[in-house]
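Here is a short briefing to read alongside the structure. It covers the ligand and its surroundings, then the cysteines.

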Amino acid sequence: MKDNISTIFSSYNIRNITLKNRLAVAPLTRVSGNEDGTTGPLMKDYYQSFAQGGFGLIITEGIYTDKRYSQCYKFQTGLTDEKQVSSWKTITDAVHSCGGLIFAQLMHAGALSQYNKYSGHGGAPSAIKPLGEEMKLYYGKGDYEVPKEMSTEDIKCVVKGFVNAAILAKEAGFDGVEIHGANGYLLDQFLTVYSNKRTDEYGGELANRLRIYQEIITAVRAAVGSSMIIGVRFSQGKVNDTEYKWPKQTADAKYTFESISRCGVDYIHTTEYIAKAPAFKDSLPLAELAKEYGKVPVIANGGITHENDANCLIDAKQADIVSLGKAALANPNWPNAVQTQQQLKAFNAEMFNPIADLKTANAYFKQTL
Ligand SMILES: Cc1cc2nc3c(=O)[nH]c(=O)nc-3n(C[C@H](O)[C@H](O)[C@H](O)COP(=O)(O)O)c2cc1C
C-alpha cells in the first residue's frame with residue numbers, strides 16, 4: 001500500500017451521500033440483459049466486481065425508461081416493471097454489501113433506437129435521419145431509420161417515463177439516478193441544432209432546446225423527493241457524430257449549466273474525448289465550465305487511464321469526481337490496484353464485445369479481483 005494518499009482517494013459528499021473516494025465507473029452499456037429487460041445472469045458479478053475493486057461510485061449502463069419508444073438495443077435492461085425492478089435489486093444489494101454506491105443511468109434512445117421489443121422505432125424532436133450507422137456491436141445493421149417527429153403529447157410521455165423509471169430505481173435500491181442527456185440520445189437530439197428543427201417551445205433558441213431536460217429533472221425531483229440523488233450527463237460529441245461542438249461555445253456552456261443547475265440537480269457529469277482538453281479553442285475543459293457555471297459537484301469523464309490523469313483533474317479543481325470507462329472495463333479493481341501499486345491492464349478492443357465475450361469477460365472479472 002502506498003504511503004502518500006492522493007486526492008482521488010479522499011472522500012467526497014454529493015449532498016447527503018458520502019463517496020469513499022473520487023472514483024466512479026462510467027456508464028457502460030454491455031447489452032447483457034435478458035430480452036424482457038430484466039438483468040442477465042452475468043450482471044451481478046460484473047457490477048459487484050467494481051465495488052469490490054474499490055470504486056466509490058458505479059453509474060450503470062443506460063437503462064430504458066418506458067415501453068413506448070425509449071429502448072435502444074436488444075438485450076438492454078429497463079426500469080419499467082416490477083420484474084425488472086426486482087432483477088436490479090439483486091445487483092444494488094450486491095453492490096451495497098461491498099460498501100459501494102450505485103446510480104441508475106436513465107436513457108431514452110430517441111432517433112438512435114436500433115431495436116424495440118414493444119413498439120416501432122422511436123420518436124425524435126424532428127423527422128431527420130440520424131448521421132452515421134447503427135452500431136453493429138449492439139446488433140445494429142445499416143442506416144438509422146427516419147424517426148417520427150414527437151408531438152407535445154409524446155414529449156409528456158417521455159417525461160412520465162423518466163419519472164416512473166426514477167420511482168422504480170428508488171424501489172430497486174439505487175442511491176441515485178443519472179439522466180442521460182449526452183452522446184446523441186433523445187435529450188441530446190433536442191439540444192443539438194441539426195437534429196432539432198422544431199418551431200414550438202422545444203425548438204429554436206437554447207432555452208427551448210433545454211426545456212425537455214428541465215421538465216424531466218423537475219418532475220423527477222418532485223416524484224422522488226430530496227432523499228435521492230439526481231444527476232445529468234452532458235457531452236458535445238455523439239456516438240454517431242464525434243466532432244459536434246456547442247454552437248455558441250462557452251456562452252452555451254454557461255447558459256446550459258446555470259439553467260440546469262437551477263432545476264435542482266445534485267451533480268453534472270460531463271464526457272469529452274479527453275476530459276482535461278479545452279472544450280473549445282482556448283476555453284476551459286467542459287467539466288471545469290460545468291463547475292464554474294453549474295456550481296454543483298462535477299464528474300469528469302474521458303480518456304482517464306492513470307492515477308496521474310485523475311489526480312490532476314481533481315487537484316486543478318477541474319472536477320470533483322472522475323469517471324472511468326474503458327480503464328474500468330480493463331481493470332474493475334482500478335482503485336485497489338493503484339493503491340497497492342499493481343500494474344494496470346491495457347484496454348483491449350475485444351472488451352467492447354459484450355455478448356460474444358461475456359463468459360470470458362466474467363471469468364476475467366472474477367480472476368482480476
Ligand atoms: C462499451 C461502452 C459502452 C458505453 N455505454 C454507455 C452508456 O450506456 N451510457 C453513457 O452515457 N455512456 C456510455 N459509454 C461512454 C462511456 O461512459 C465513456 O464516456 C467513454 O467510454 C469515454 O470514457 P473513457 O475514455 O474513460 O472510456 C460507453 C462506452 C463504452 C466503451
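In this predicted model, the side chain of His180 places an N or O atom 3.0 Å from an oxygen atom of the ligand. Thr29 also brings a polar side-chain atom to the ligand, 2.6 Å from an oxygen atom. For Thr271, the distance from a polar side-chain atom to a ligand oxygen atom is 3.2 Å.

**How the ligand is held**

- The protein buries 88% of the 600 Å² that the ligand exposes when taken alone.
- If you are looking for the site, go to the largest pocket, where the ligand sits.

**The residues around the ligand**

- The ligand has 19 residues around it, and those that come nearest are Pro27, Thr29, Arg233, Asn301 and Gly303.
- Sorted by class, this shell contains 10 polar, six nonpolar and three charged residues.
- Thr29 is thus worth finding on screen: it is among the residues that come nearest to the ligand, and its side chain has the polar atom at 2.6 Å from a ligand oxygen.

**Cysteines**

- How many disulfides does the structure hold? The count is zero.
- Cys157 is in no disulfide, and the nearest cysteine sulfur, which belongs to Cys72, is 19 Å away; a disulfide would need the two sulfur atoms within 2.5 Å.
- Is Cys157 buried or exposed? Cys157 counts as partly exposed, because its relative accessibility is 27% and partly exposed runs between the 20% and 50% limits.
- Cys98 is partly exposed too, with a relative accessible area of 22%.

Conventions: Residues are numbered from 1 along each chain as its sequence is written. This is a predicted model: local features need pLDDT of at least 70, side-chain atom pairs count only at pLDDT 80 or more; totals for chains, interfaces and linings use all residues. Side-chain values use heavy atoms; hydrogens and water are left out. A residue is near a molecule or strand if one of its heavy atoms lies within 4 Å of it. A polar contact is a pair of N or O atoms within 3.5 Å; within protein, one must be able to donate a hydrogen and the other to accept it, and residues adjacent in sequence count only if both atoms are side-chain atoms. Accessible areas come from the Shrake-Rupley method with a 1.4 Å probe; for residues, only the protein chains shown count as cover. On a 1 Å grid over the protein atoms alone, a cavity is a set of points where a 1.4 Å probe fits but cannot get out, and a pocket is an open set with protein on both sides within 12 Å along at least five of seven lines; lining residues have an atom within 4 Å of a point. A molecule sits in a cavity or pocket if more than half of its atoms lie within 2 Å of its grid points. Ala, Val, Leu, Ile, Met, Phe, Trp, Tyr, Cys and Pro count as nonpolar, Asp, Glu, Lys and Arg as charged, and the others, Gly among them, as polar. Buried means under 20% relative accessible area, exposed over 50%, partly exposed in between (1.4 Å probe, protein chains only).
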